[in-house]
Amino acid sequence: MFPSTSATAPRVLLPVATAAASRRAMAAAAASSANPPPPQQPAPKAVRVVVKGRVQGVFFRDWTVETARALGLSGWVRNRRDGTVEALLSGDPARVDEMLSRRLPVGPPAAAVTAVLPSPADPIDPSEGFQRKPTA
């Protein structure tokens, strides 16, 4: 009724060297899956921006410094003599894009932004942080 496990049944034995090699291969696979390589950081992105509208005298520069620092960006912001605000935003591409598309077009409560004009720029060292510069 049940198959016999007598001496007549064939047995499969691995050579000792093959079993040891198999154990080493399994250990190496386990070690490599336990320590995956760290994810690649995207290359930093930098954009120079001119913001138009009612953007001076409404806390826009200080709001930009606070917002950029909260997003982990580096760069600077300053008033321009023509009534606009200029900024350099540098850092993680997704965070630079968020600042450009979601934050700057709204600005602080007293601001009335009419345009955000970006242009490409060279990324800066993140250790420089985000600064408020004097009017240019």
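Visitor: How much area does the protein chain expose, and what share of it do carbon and sulfur atoms supply?

Guide: In this predicted model, the protein chain exposes about 9,000 Å². Carbon and sulfur atoms supply 59% of that area.

Visitor: And what share of the residues is buried?

Guide: Of the 136 residues in the protein chain, 29% are buried.

Visitor: Let's take one of them. Why is Ala46 called buried?

Guide: Buried means under 20% relative accessible area. Ala46 comes in at 6%, so it counts as buried. You'll find Ala46 in strand β1, residues 45-54.

Visitor: What does Ala46 touch, leaving out residues up to four places away in sequence?

Guide: Its contacts are Leu89, Ser90, Pro120, Ala121, Asp122 and Pro123. Take Ala121: it is 75 residues from Ala46 along the chain, yet their C-alpha atoms are separated by 5.1 Å.

Visitor: How are the strands of the sheet ordered?

Guide: It's an open sheet of five strands in the order β4-β1-β3-β2-β5, and the pairing is mixed.

Visitor: What makes β4 and β5 edge strands?

Guide: Each has a single partner strand, so one side of each is left without a neighbour in the sheet. That puts β4 (112-120) and β5 (130-132) at the edges. On average, neighbouring strands are turned by 15 degrees against each other, direction ignored.

Visitor: How do you know that β2 and β5 pair?

Guide: Pairing takes at least two bridges between the strands. Three bridges join β2 (residues 74-79) to β5, and the two run parallel. Gly75, for instance, stands opposite Phe130 in β5.

Visitor: And which strands pair with β3 in the antiparallel sense?

Guide: β1 pairs that way with β3 over seven bridges, and β2 does so over six. Leu89 in β3 is the bridge partner of Val47 and also of Gly75.

Visitor: What makes β3 largely enclosed?

Guide: Seven of the seven residues of β3 are buried, so the rest of the structure largely encloses this strand. Both faces are covered: Val85, Ala87, Leu89 and Gly91 lie on one side, with Glu86, Leu88 and Ser90 on the other.

Visitor: Which helix packs on the sheet?

Guide: That's helix α2, residues 60-70, which touches β1, β2, β3, β4 and β5. Its direction makes about 170 degrees with that of β5.

Visitor: Why is the contact between Glu86 and Arg48 called a salt bridge?

Guide: The cut-off is 4 Å between a side-chain nitrogen of Lys or Arg and a carboxyl oxygen of Asp or Glu. Here the N to O distance is 2.8 Å, and the pair is a salt bridge. Glu86 lies in β3 and Arg48 in β1, so the pair ties together parts that are 38 residues apart in sequence.

Visitor: Are Glu86 and Arg48 buried or exposed?

Guide: Glu86 is buried, with a relative accessible area of 8%. Arg48 has 32%, so it counts as partly exposed.

Visitor: What other salt bridge does Glu86 form with an Arg?

Guide: Glu86 also meets Arg78, at 3.0 Å from N to O. Arg78 has 16% relative accessibility, so it counts as buried.

Visitor: Where do Glu98 and Arg102 lie?

Guide: Both are in helix α3 (residues 93-103), four residues apart, about one turn of the helix. Their closest N and O atoms are 3.7 Å apart, and they form a salt bridge. Arg102 counts as exposed, because 58% relative accessibility is over the 50% cut-off.

Visitor: Which residues do shared salt-bridge partners join into one network?

Guide: Arg48, Arg78 and Glu86.

Technical notes: Residues numbered from 1 in each chain as written. Predicted model: local features only at pLDDT ≥ 70, side-chain atom pairs only at ≥ 80, totals over all residues. Heavy atoms only, no water. Buried < 20%, exposed > 50% of the residue type's maximum accessible area, 1.4 Å probe, protein only. Contact = heavy atoms within 4.5 Å. Axes fitted to C-alpha atoms, helices over the stretch in contact; angles between N-to-C directions. Areas by Shrake-Rupley, 256 points an atom, 1.4 Å probe, with all protein chains shown as cover.
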